[in-house]
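Biologist: I am new to this structure and would like a close look at a single part of it. Could you take me through one helix with care, and then turn to the spaces left inside and at the surface?

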Amino acid sequence: MPDVAVNPSEFKLLRDFIEKSCGIALGEEKAYLVETRLAGLLAETGCADFSAFYRMVSVQSDPHLRDKLVDAMTTNETLWFRDGHPFKILKEVLLPPLAEGLKNGSRFRVRLWSGACSTGQEPYSLAMVIHEFCRNGNGVRPDQFEIIATDISPSALMLAKMGRYDAAAVARGLPDELRDRYFLQQGHVWCASDALKEMVSFKKYNLQDPPDALGRFDIVFMRYVTIYFSDEFKQRIYGNVARLLAPSGHLVISAVESLRGISDEFVQLNHAGGTYYRCQAS
């Protein structure tokens, strides 16, 4: 692997290209990230320095090389039922009225979007909450719910679709009871059951692209996503979410993210120590 440092002009070129490609905004202090995360691609492509790599990735129309760049720069930190309260909000506040709509015939299906789903822990956690909700005699079935899970990273999506997790991944927040109910053990690997997989559709999606093809949603989980983006890009993303939400639709973000000064299209609500948002137009 080449021991090459990125100089200021190379960093600016790559920083701008990365933001244009996937929206990730890198401050001046993040040059080390470009060095450490792209060093492997320099070696793989045979580029002598970051200038040569920039010319290759920006000029060539090879989508696989751009995918590898995005993979290298994307953070795929995730775990099961992350932070706890968003899933309590889902179970106790958001699902009951949607279930009533399913039972009285005012709605045909409930759709959820897990944006930037990484390796699948969030959408499968959502699926488990819904299964448990249906098990508790609420008069609705799991097949009346649909979860669309998207990410820009091809490698993360491949792992998510497989639904196979080693013991270390399973230990990060997955209760034993739910693990035993919704996963099958195959050697040292735990595999998501068909009951979970049937609820989730994984799609490659760049948040910079028009979202209309994804359809309308009742609930959007967009957590730990916009912390990497510029304020201008955040405004675009939340504007798109507001357009996609159905009447009475809700948005759930992380505790380290805020809509203050970014979007006035949502009303902030609180439950179980957590925050969620209802679309103003809803």
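Modeller: In this predicted model, helix α5 bends by about 45° at Leu-95, and a proline, Pro-96, follows within four residues of that point. The helix runs over residues 85-104, which makes 20 residues, and from its first C-alpha to its last it reaches 28 Å, close to the 28 Å expected at 1.5 Å a residue. Leu-95, where the bend lies, is itself buried, and the other buried residues of α5 are His-85, Pro-86, Phe-87, Ile-89, Leu-90, Leu-94, Leu-98, Ala-99, Gly-101 and Leu-102. After α5 comes Gly-105, whose phi is positive, near 85°.

Turning from the helix to the empty space, the structure holds one cavity of 30 Å³ or more, and about 30 Å³ of space lies in the largest cavity. Its lining is made up of Trp-113, Tyr-205, Leu-207, Pro-211, Ile-237 and Asn-240, which by class gives five nonpolar residues, one polar and no charged ones.

Tyr-205, named in that lining, also appears in the lining of the second largest pocket, together with Phe-17, Lys-20, Ser-21, Arg-66, Asp-67, Val-70, Ile-152, Lys-204, Asn-206 and Asp-209. This pocket has a volume of about 220 Å³, and helices α1 (8-22) and α4 (63-73) each supply at least two residues of its lining. By class, the lining of this second largest pocket has four nonpolar, two polar and five charged residues, whereas the lining of the largest cavity has no charged residues.

Note on methods:
Residues are numbered from 1 along each chain as its sequence is written. This is a predicted model: local features need pLDDT of at least 70, side-chain atom pairs count only at pLDDT 80 or more; totals for chains, interfaces and linings use all residues. Side-chain values use heavy atoms; hydrogens and water are left out. The expected span of a helix is 1.5 Å times one less than its number of residues. The bend at a residue is the angle between axes fitted to the seven residues ending there and the seven starting there. Buried means under 20% relative accessible area, exposed over 50%, partly exposed in between (1.4 Å probe, protein chains only). On a 1 Å grid over the protein atoms alone, a cavity is a set of points where a 1.4 Å probe fits but cannot get out, and a pocket is an open set with protein on both sides within 12 Å along at least five of seven lines; lining residues have an atom within 4 Å of a point. Grid points are joined across faces, edges and corners, and a volume is the space filled by probe spheres set on the points. Ala, Val, Leu, Ile, Met, Phe, Trp, Tyr, Cys and Pro count as nonpolar, Asp, Glu, Lys and Arg as charged, and the others, Gly among them, as polar.
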